[in-house]
Amino acid sequence: MADEDLSEVLTAVGPRLRALRRTRGTTLAQLSETTGISLSTLSRLEAGQRKPTLELLLPLAKAYGVQLDELVGAPATGDPRVHPRPFTRHGQTFVPLTRYLGGLHAYKQIMPPRPPGGRDEPLEQRVHEGYEWLYVLSGRLRLALGEHDLVLTSGEAAEFDTRTPHGFANAGDQPVEFLSLFGAQGERIHVRARPAGT
């Protein structure tokens, strides 16, 4: 790799790290606690004011569950296949379907069934920057979206601005599997699902 190419790759690391952290919903403080890297170093690294070194990048790659070459945006080696590395968060399994940190992210999510005797209690709803598109492959997905409480079944899709309070839960006694496309910058897909009866 030429020196100028290496310089471009290293310059892009900060924005990639920031985009990845925001996509994962992690704060700098949480990341600092997980990696042992100081808050100021992480902030300077994301801002491009600190040169990325292996000593810094290895714990970050481990914390995010990604390969080092993905973290730095190394050029593709010619193999077009995506080798997903599933990770678990909040009891759900996420299977990444894209390998680039910027732009639109695609995941297959698998949510375990609700516990026996579990009730449809109000869901905790979060807000963040971006836009999300969902497509249910199997099972029943409960989507709380502002004042709406919907159940999406196999073959149904929904899209929404993630600045609207939202939360998910399994609405059935079988695992629910769905595709999630998320754009941190607000990229949109043009398919909509409406609540039944509208």
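A residue is called buried when its relative accessible area is under 20%, exposed when that area is over 50%, and partly exposed when the value falls in between. The views below show a predicted model.

**View 1. Lys108 and Glu177 form a salt bridge between two strands.** The side chains of these two residues meet with a distance of 3.0 Å from N to O. Lys108 belongs to strand E3 (residues 104-111) and Glu177 to strand E9 (residues 176-183), so the salt bridge ties together parts of the chain that are 69 residues apart in sequence. Lys108 has a relative accessible area of 25%, which lies between the limits of 20% and 50%, and therefore counts as partly exposed. Glu177 is likewise partly exposed, because its value of 23% lies between these two limits.

**View 2. Arg18 and Glu46 are joined by a salt bridge.** In general, side chains of opposite charge can pair when their charged atoms come close. Here the closest N and O atoms of Arg18 and Glu46 are 3.9 Å apart. The pair links distant parts of the chain, with Arg18 in helix H2 (residues 13-24) and Glu46 in helix H4, 28 residues apart. Is Glu46 buried or exposed? Glu46 is buried, because its relative accessibility is 6% and the limit for buried residues is under 20%. Arg18, by contrast, is partly exposed, with a relative accessible area of 25%.

**View 3. Glu46 also meets Arg21 in a salt bridge.** The distance between the two side chains is 2.7 Å, taken from N to O. This pair, too, links distant parts of the chain: Arg21 lies in helix H2 and Glu46 in helix H4, 25 residues apart. Arg21 is buried, since its relative accessible area is 10%. The whole structure holds five salt bridges, and those of Views 1 to 3 are among them.

**View 4. Gly36 occupies a loop between two helices.** The loop lies between helix H3 (28-35) and helix H4 (39-46). Gly36 has a relative accessibility of 66%, and because this is over 50% the residue counts as exposed. Gly36 and Pro59 are 23 residues apart along the chain, and their C-alpha atoms are separated by 8.3 Å.

**View 5. Three strands form an open antiparallel sheet.** The strands of a sheet pair through backbone hydrogen bonds, either parallel or antiparallel. In this sheet the order is E6-E5-E8. Which strands form the edges? Strand E6 (148-153) and strand E8 (166-170) are the edge strands, each pairing on one side only. From one strand to the next, the twist averages 20°.

**View 6. Strand E5 (residues 140-145) pairs with E6 in the antiparallel sense.** Six bridges join the two strands. Leu145 stands opposite His148 in E6, and Leu141 stands opposite Leu152 in E6. Together E5 and E6 form a hairpin with two residues between them. In the turn, Gly146 has a positive phi of about 60°.

**View 7. Strand E5 also pairs with E8.** This antiparallel pairing extends over five bridges. Leu143 of E5 stands opposite Phe168 in E8. Why is E5 described as largely enclosed by the rest of the structure? The description applies because five of the six residues of E5 are buried.

Notes: Residues numbered from 1 in each chain as written. Predicted model: local features only at pLDDT ≥ 70, side-chain atom pairs only at ≥ 80, totals over all residues. Heavy atoms only, no water. Helix = DSSP H or I, 4+ residues; strand = E, 2+ residues; numbered from the N terminus. Buried < 20%, exposed > 50% of the residue type's maximum accessible area, 1.4 Å probe, protein only. Salt bridge = Lys/Arg side-chain N within 4 Å of Asp/Glu carboxyl O. Pairing = 2+ DSSP bridges. Axes fitted to C-alpha atoms, helices over the stretch in contact; angles between N-to-C directions.
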